[in-house]
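Me: I would like to learn how to read a protein model, one small question at a time. Could we go through this one together?

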Amino acid sequence: MASPAQDLGPVLDQDGVRLTVDDAIATVTLTNPAKRNAQSPALWRALTEAGRLLPGSVRVVVLRGEGKSFSAGLDRQMLTPEGIEGEPSFVEMARGSEAGLDATIATYQEAFTWWRRSDIVSIAAVQGHAIGAGFQLALACDLRVVADDVQFAMRETGLGLVPDLTGTHPLVGLVGYARALEICATGRFVTAGEAVSTGLANVAVPGDELDGAVRDLAAALLAAPRDAVIETKALLSGAVERTYEEQRAAERAAQGRRLRDLAGLGE
């Protein structure tokens, strides 16, 4: 699958992550197809850095994975007693203090948190396997466009662990508590049809149409004024936590700001 910004030099290219920018669109690509884009702490640090390096001109961020799989999840070496060279193993993490373990996991989570920033809209283009950490990375984005061969699965519970890379909140929000529990506890695959019907994915297309569908969606997002998209995203993302009356008030406040800006009366 070719990158929409393949003709531009990368802003970042390290540890299995490449960031390219084409004006208002940035593309973050996982670049280790030989290992099905398996994830490691180094990759997470690179993803966090990609978020920090986004220019202010960027409005849409596309996340994709090279090869047949979006991301097959954790690098299995992390699960061995020795772990990955230069990184704390799970055994070492468990033997440390509770505060230290919490801080380490929080650092890993930073790679998954910036995708829903108010000033951007993020789109995950997902093909093949999106397992565990791969599933959670796709869930970190605002929108998901999937190929018809996609296979989502949350396998952490079967390993005696829990999903801890920020995926539980969006998963419950998208499919509801009961289905989220069933998906996580059983570790089963969720295919393209179910992903679309339950709201996990916005649309499913044949694999050779994935790039085009993502480009079309990005273009449609860019067609609307940036400030209106930012205000709308804030309204929708906060709606679940607000009461009906609070949401009405938030709508009025947001519309007031928009009208003042359009009238040239903004601060």
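**Loops, rings and patches**

Reply: Happy to! Let's begin with Ser 57: its relative accessibility is 37%, so Ser 57 counts as partly exposed. Keep in mind that this model is predicted.

Me: Where is the place of Ser 57?

Reply: Look for helix α1, which covers 41–53, and then for strand β4, which covers 60–65. Ser 57 falls in the loop between α1 and β4.

Me: How far apart in space are Ser 57 and Leu 259, C-alpha to C-alpha?

Reply: Along the sequence, 202 residues separate Ser 57 from Leu 259. In space, C-alpha to C-alpha, the distance is 23 Å.

Me: Is Asp 23 buried or exposed?

Reply: Asp 23 sits in the loop between β2 (17–22) and β3 (25–30). Its relative accessible area is 57%. The cut-off for exposed is over 50%, so Asp 23 is exposed.

Me: What is the phi of Asp 23, about?

Reply: Most residues other than glycine have a negative phi. Asp 23 is not a glycine, yet its phi is positive, at about 60°.

Me: Which residue in the loop between β3 and α1 has a phi near 55°?

Reply: This residue is also something other than glycine with a positive phi. At 41% relative accessibility it counts as partly exposed. The residue in that loop is Arg 36.

Me: How are the rings of Trp 114 and Trp 115 arranged, stacked or edge-to-face?

Reply: A search of the whole structure finds 4 aromatic pairs. Trp 114 and Trp 115 form a pair with 3.9 Å centre to centre and 25° between the planes. Planes under 30 degrees apart count as stacked, so this pair is stacked.

Me: Are Trp 114 and Trp 115 buried or exposed?

Reply: The word buried is kept for residues under 20% relative accessible area. Both Trp 114 and Trp 115 are buried.

Me: Which residues form one aromatic cluster with Trp 44?

Reply: Find Trp 44 and look for its partners in the cluster. They are Tyr 108 and Phe 112.

Me: What is the area of the nonpolar surface patch made by Leu 79, Leu 159 and Leu 161?

Reply: One of its members, Leu 79, is found in the loop between β4 and α2 (90–95). Leu 79 is partly exposed, with a relative accessible area of 30%. The patch has an area of about 210 Å².

Me: Which residues gather with Glu 209 in a patch of negative charge?

Reply: Glu 209 is in the loop between β10 (203–205) and α8 (210–223), and is partly exposed at 43% relative accessible area. The residues gathered with Glu 209 on the surface are Asp 148, Asp 149 and Asp 208.

Note on methods: Residues numbered from 1 in each chain as written. Predicted model: local features only at pLDDT ≥ 70, side-chain atom pairs only at ≥ 80, totals over all residues. Heavy atoms only, no water. Patch = residues over 30% accessible without salt bridge, like charges linked within 9 Å, V, L, I, M, F, W, Y side chains within 5 Å. Areas by Shrake-Rupley, 256 points an atom, 1.4 Å probe, with all protein chains shown as cover. Salt bridge = Lys/Arg side-chain N within 4 Å of Asp/Glu carboxyl O. Lys, Arg positive; Asp, Glu negative; His and termini not counted. Charge placed at Lys NZ, Arg CZ, Asp CG, Glu CD. Helix = DSSP H or I, 4+ residues; strand = E, 2+ residues; numbered from the N terminus. Buried < 20%, exposed > 50% of the residue type's maximum accessible area, 1.4 Å probe, protein only. Phe/Tyr/Trp six-rings, centres within 6.5 Å; stacked < 30°, edge-to-face > 60°.
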